[in-house]
Amino acid sequence: MPTLPQVFPIQAAHAPYRRHAAADLQAGKALFATRCASCHHVGRNARAGFGPQLNGIFGRAAGSTTDFQYSDAMRASKVVWSHDTLRAFVRSPGKVVPGTKMRFWGLGDDQQITDLLAYLETFR
Ligand code: HEC
């Protein structure tokens, strides 16, 4: 994998809403199934569908899977996926990666996002 400059456009590291409540993995799983799974795969044999597969998303550079055709915006974004960048992206994709081709209105509920991210984190 090419080394990318360590640039973090989203400096939300000190956002106060982080980890208020314990994450509910079952709720996260259900949420993924209804809100993300139509486009994204996780788990064994996950591969690109309408969107890129999301295994090992934490610490992954945006636009870096090899079997998906990303938008130029995503490939050029230099975002590295972390709790903070993922939270911001799921909340409002176009604010984190302007011009992204992910069509998703965004999740507004912090607890739901916490649950969803905890679920995603189980896929290394
Ligand atoms: C309608 C289809 C669709 C839905 C629903 C959707 N996505 Fe996406 N997602 C995409 C596409 C397409 C891309 C690639 C965007 C680009 O290249 O600009 C993407 C990109 C991503 C990326 C960046 C991955 C990478 O390899 O850099 C993440 C993270 C992501 N989506 C998470 C989610 C999550 C979490 C949900 C559910 C809350 C979700 N998406 C719902 C289509 C979707």
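**Helix H3, its neighbours and the ligand shell**

Student: Let's start with H3. Which of its residues are buried?

Tutor: Keep in mind that this is a predicted model. The cut-off for a buried residue is 20 or more other C-beta atoms within 10 Å of its own. In H3, that picks out Thr85, Leu86, Arg87, Ala88, Phe89 and Val90.

Student: And what do the buried residues of H3 pack against?

Tutor: Start from the overall layout: the protein chain has five helices and zero strands, running α-α-α-α-α from the N terminus on. Among these elements, the buried residues of H3 pack against helix H4 (93-96) and H5.

Student: Let's cross over to H5, then. What do its buried residues pack against?

Tutor: The buried set in H5 is Ile113, Thr114, Asp115, Leu116, Tyr119 and Leu120. Their packing partners are helix H1 (25-35) and H3.

Student: Which residues have the most contacts inside the largest nonpolar core?

Tutor: That core has 17 residues. Helix H3 (83-91) and helix H5 (110-120) each supply at least two of them. Those with the most contacts inside the core are Phe89, Val90, Val96, Val97, Leu116 and Leu120.

Student: Take Leu116 from that list. Which residues is it in contact with, leaving aside neighbours within four places in sequence?

Tutor: Leu116 is one of the buried residues of H5, and those pack against H1 and H3. Residue by residue, the contacts of Leu116 are Gly28, Leu31, Phe32 and Val90.

Student: Now Leu31: is it buried or exposed?

Tutor: Leu31 sits in helix H1. Beyond four places in sequence, Leu31 touches Gln112, Asp115 and Leu116. Because Leu31 has 20 C-beta neighbours inside 10 Å, it counts as buried.

Student: How far apart in space are Leu31 and Ile113, C-alpha to C-alpha?

Tutor: In sequence, Leu31 and Ile113 are 82 residues apart. Across the protein chain, residues 24 or more positions apart make up 52% of the contacts with a separation of 6 or more. In space, the C-alpha to C-alpha distance from Leu31 to Ile113 is 9.0 Å.

Student: On to the ligand. Which element gives the most residues to the shell around it?

Tutor: The shell has 28 residues, and the closest are Cys36, Cys39, Gly51, Ser71 and Met102. Two elements give two or more residues, helix H2 (72-76) and H3. The one that gives the most, with three residues, is H3.

Student: How many residues of that shell are charged?

Tutor: Split the shell around the ligand by class: 17 of its residues are nonpolar and eight are polar. The number of charged residues is three.

Student: What's the phi of Asn45, roughly?

Tutor: Most residues other than glycine have a negative phi. Asn45 lies in the loop between H1 and H2, and it is exposed because just 7 other C-beta atoms lie within 10 Å. Its phi is positive although it is not a glycine, at about 65°.

Student: And where is Lys78?

Tutor: Lys78 also has a positive phi, near 60°. With 15 C-beta neighbours inside 10 Å, Lys78 counts as partly exposed. Its place is in the loop between H2 and H3.

Student: Last one: over which residues does pLDDT stay under 50?

Tutor: The protein chain averages a pLDDT of 89, and 84% of the residues score at least 70. The stretch that stays under 50 has 12 contacts beyond four places in sequence in the model. That stretch is residues 8-18.

Methods:
Residues are numbered from 1 along each chain as its sequence is written. This is a predicted model: local features need pLDDT of at least 70, side-chain atom pairs count only at pLDDT 80 or more; totals for chains, interfaces and linings use all residues. pLDDT is the predictor's confidence in each residue, from 0 to 100. Two residues are in contact if their C-beta atoms, placed from the backbone, lie within 7 Å. A nonpolar core is a set of buried Ala, Val, Leu, Ile, Met, Phe, Trp, Tyr and Cys residues joined through C-beta atoms within 7 Å. A residue is buried if 20 or more other C-beta atoms lie within 10 Å of its own, exposed if 12 or fewer, and partly exposed in between; C-beta atoms are placed from the backbone. Helices (H or I, at least four residues) and strands (E, at least two) are DSSP runs, numbered from the N terminus. A residue is near a molecule or strand if its C-beta atom, placed from the backbone, lies within 6 Å of it. Ala, Val, Leu, Ile, Met, Phe, Trp, Tyr, Cys and Pro count as nonpolar, Asp, Glu, Lys and Arg as charged, and the others, Gly among them, as polar.
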